[in-house]
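Work through the exercises below with the sequence and model open. Try each task before reading its solution.

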Amino acid sequence: MPMSASPRNRFERRRAETRQALVRAARQLLADSGDTSASIRTIAELADVGFGSFYNHFTSKADLFDVAVADALEEFARAVDKHLYGVDDPAERLAAGMRLSARMAGSHPEIMRILCHSGLGRICAGCGLAPRARHDMEQGMTSGRFTVVDPMIALTVLNGSLLALLQLWFHQPEADRDHAAAKMAETLLHMLGVSADEARDLARRPLPAAA
């Protein structure tokens, strides 16, 4: 007869569930308005957990909201990764990543709203798409695929372009995001040293399916 889970395992499971409920509540607040002034009591009520449990998981509201943004960024990046699995060319990865990000406005609207409200500083954080884009940029430079002189400026332009796409979706939901993303990807690749014709081709190829 199988043994039931130990009390400690049940405790750890419930603790993890409480923490995730608080993160989900913070994500909801960030997506709805970007307002981080809600009281801890309000956050706990939204998460449907006890007020006193908050400090078992987070030192402050700022700590919670940082974790919530990181959680959204990582979910965002994993969704893009599923499509880029097996794509080795850094130029194709950057172009497809930009276009997939625009499409995620429809498939992952909460994350898009969080990023719109959070701004460029969050997109440039050390989690989510930023380190992946940095890796692609460095790989492209090492292989000679890209001729950009300053990778940090290139990454800033890339992240700023992504934020601009998100703002377009946020303020003009009727806009053709696919077309805007393709044009932006083409411009970025050309800036990185890819020829105009190849940049145009890469920015218009069929997007890879999710693995």
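Three exercises follow, on cores, one core residue and salt bridges.

This is a predicted model, in which local features need pLDDT of at least 70, side-chain atom pairs count only at pLDDT 80 or more, and totals for chains, interfaces and linings use all residues. Residues are numbered from 1 along each chain as its sequence is written, and side-chain values use heavy atoms, with hydrogens and water left out.

**Exercise 1. The largest nonpolar core**

Find which residues touch the most other members of the largest nonpolar core, and which helix gives the largest share.

Step 1. Fix the terms. A nonpolar core is a set of buried Ala, Val, Leu, Ile, Met, Phe, Trp, Tyr and Cys residues joined through side-chain atoms within 4.5 Å. Buried means under 20% relative accessible area, exposed over 50%, and partly exposed in between (1.4 Å probe, protein chains only).

Step 2. Pick out the hubs. The core has 39 residues, and Leu-22, Ile-43, Leu-64, Phe-76, Met-112 and Leu-115 touch the most other members.

Step 3. Assign the helices, which are DSSP runs (H or I, at least four residues) numbered from the N terminus. Elements giving two or more residues to this core include H1 (7-32), H3 (61-84) and H5 (109-118). H3 gives the largest share, ten residues.

**Exercise 2. Met-98**

Decide whether Met-98 is buried or exposed, and list what it touches.

Step 1. Locate the residue. Met-98 sits in helix H4. It belongs to another core, of 23 residues, which also includes Ala-102, Ala-133 and Leu-192.

Step 2. Check accessibility. At 4% relative accessible area, Met-98 is buried.

Step 3. List contacts (heavy atoms within 4.5 Å). Leaving out residues up to four places away in sequence, Met-98 touches Leu-158, Ser-161, Leu-162, Leu-165, Ala-181, Met-184, Ala-185 and Leu-188.

**Exercise 3. Arg-27 and its partners**

Identify which side chains meet Arg-27 in salt bridges.

Step 1. Apply the cut-off. A salt bridge is a side-chain nitrogen of Lys or Arg within 4 Å of a carboxyl oxygen of Asp or Glu. The structure holds 15 of them.

Step 2. Take Glu-75. Its side chain meets that of Arg-27 at 2.9 Å, N to O. Glu-75 is in helix H3 and Arg-27 in helix H1, 48 residues apart.

Step 3. Take Glu-110. Here the N to O distance to Arg-27 is 2.7 Å. Arg-27 lies in H1 and Glu-110 in H5, so this pair ties together parts 83 residues apart in sequence.

Step 4. Compare accessibility. Arg-27 is buried at 7%. Glu-75 is partly exposed at 28%, and Glu-110 is partly exposed at 26%.
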